[in-house]
Amino acid sequence: MDEEQPEETTKAESAYWRENVRLLVTLMSIWFACSFGAGILFRDWLDQFNIGGYPLGFWFAQQGSIYIFIALIFYYVIRMRKIERKYDLDD
């Protein structure tokens, strides 16, 4: 039996997924910029600065992008909770 959902529900679901995907694209872009950009593309320029006695470009390539990725995961969880509450999808 194929029941159609109300149009209001469909709009809410579309808005939820649009906001979810926008958040994911933004966070993954930040991670890409930090891991690939800071660790590879801008490494030579960043190496003139030191953090913990190591060149900054090297630090980003080895550890910085991992720390940023973990911070982005925590931000994603917090932000998704707000988005789910906004669309009444929280548990």
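Which residues make the nonpolar surface patch of about 530 Å²? Phe32, Phe36, Ile40, Leu41 and Phe42 do. The model behind this report is predicted.

**Overall layout**

The protein has 3 helices and 2 strands. Their order from the N terminus is α-α-β-β-α. Of its 91 residues, 22% count as buried. The accessible surface comes to about 7,200 Å². Carbon and sulfur atoms account for 60% of that surface. Contacts reach far along the chain: among those between residues at least 6 apart in sequence, 55% join residues at least 24 apart.

**Helix 1**

Helix 1 covers residues 7–41. Glu19 and Ile40 both belong to this helix. Their exposure can be set beside that of Ser65, from helix 3.

| Residue | Element | Relative accessible area | Class |
|---|---|---|---|
| Glu19 | helix 1 | 11% | buried |
| Ile40 | helix 1 | 54% | exposed |
| Ser65 | helix 3 | 11% | buried |

Ile40 counts as exposed because its relative accessibility is 54%, and the cut-off for exposed is over 50%. This residue is one of those in the nonpolar patch. Phe32 and Phe36 belong to the patch as well. An α-helix has 3.6 residues a turn, so residues three or four places apart point the same way.

Glu19 is a charged residue name in a covered place: buried, at 11%. What does Glu19 touch, beyond residues up to four places away in sequence? The partners are Arg79, Ile83, Lys86 and Tyr87. Of these, Ile83 is listed among the buried residues of helix 3.

**Helix 3**

Helix 3 runs over residues 56–86, 31 residues in all. Its end C-alpha atoms are only 40 Å apart. A straight helix would reach 45 Å at 1.5 Å a residue. Where is the kink in helix 3 centred? The centre is Gln63, and the kink is about 55°.

Several residues of helix 3 are buried, including Leu56, Gly57, Trp59 and Phe60. Gly64 and Ser65 are also on that list, as are Leu72, Met80 and Ile83.

Ser65 counts as buried because its relative accessibility is 11%, and the cut-off for buried is under 20%. Leaving out residues up to four places away in sequence, Ser65 touches Trp31, Ser35 and Phe60. Phe60 is itself buried in helix 3.

After helix 3 comes Asp88. The phi of Asp88 is positive, near 55°.

Key
Residues numbered from 1 in each chain as written. Predicted model: local features only at pLDDT ≥ 70, side-chain atom pairs only at ≥ 80, totals over all residues. Heavy atoms only, no water. Helix = DSSP H or I, 4+ residues; strand = E, 2+ residues; numbered from the N terminus. Buried < 20%, exposed > 50% of the residue type's maximum accessible area, 1.4 Å probe, protein only. Contact = heavy atoms within 4.5 Å. Areas by Shrake-Rupley, 256 points an atom, 1.4 Å probe, with all protein chains shown as cover. Patch = residues over 30% accessible without salt bridge, like charges linked within 9 Å, V, L, I, M, F, W, Y side chains within 5 Å. Salt bridge = Lys/Arg side-chain N within 4 Å of Asp/Glu carboxyl O. Expected span 1.5 Å × (residues − 1). Bend = angle between axes of the 7 residues up to and from the residue.
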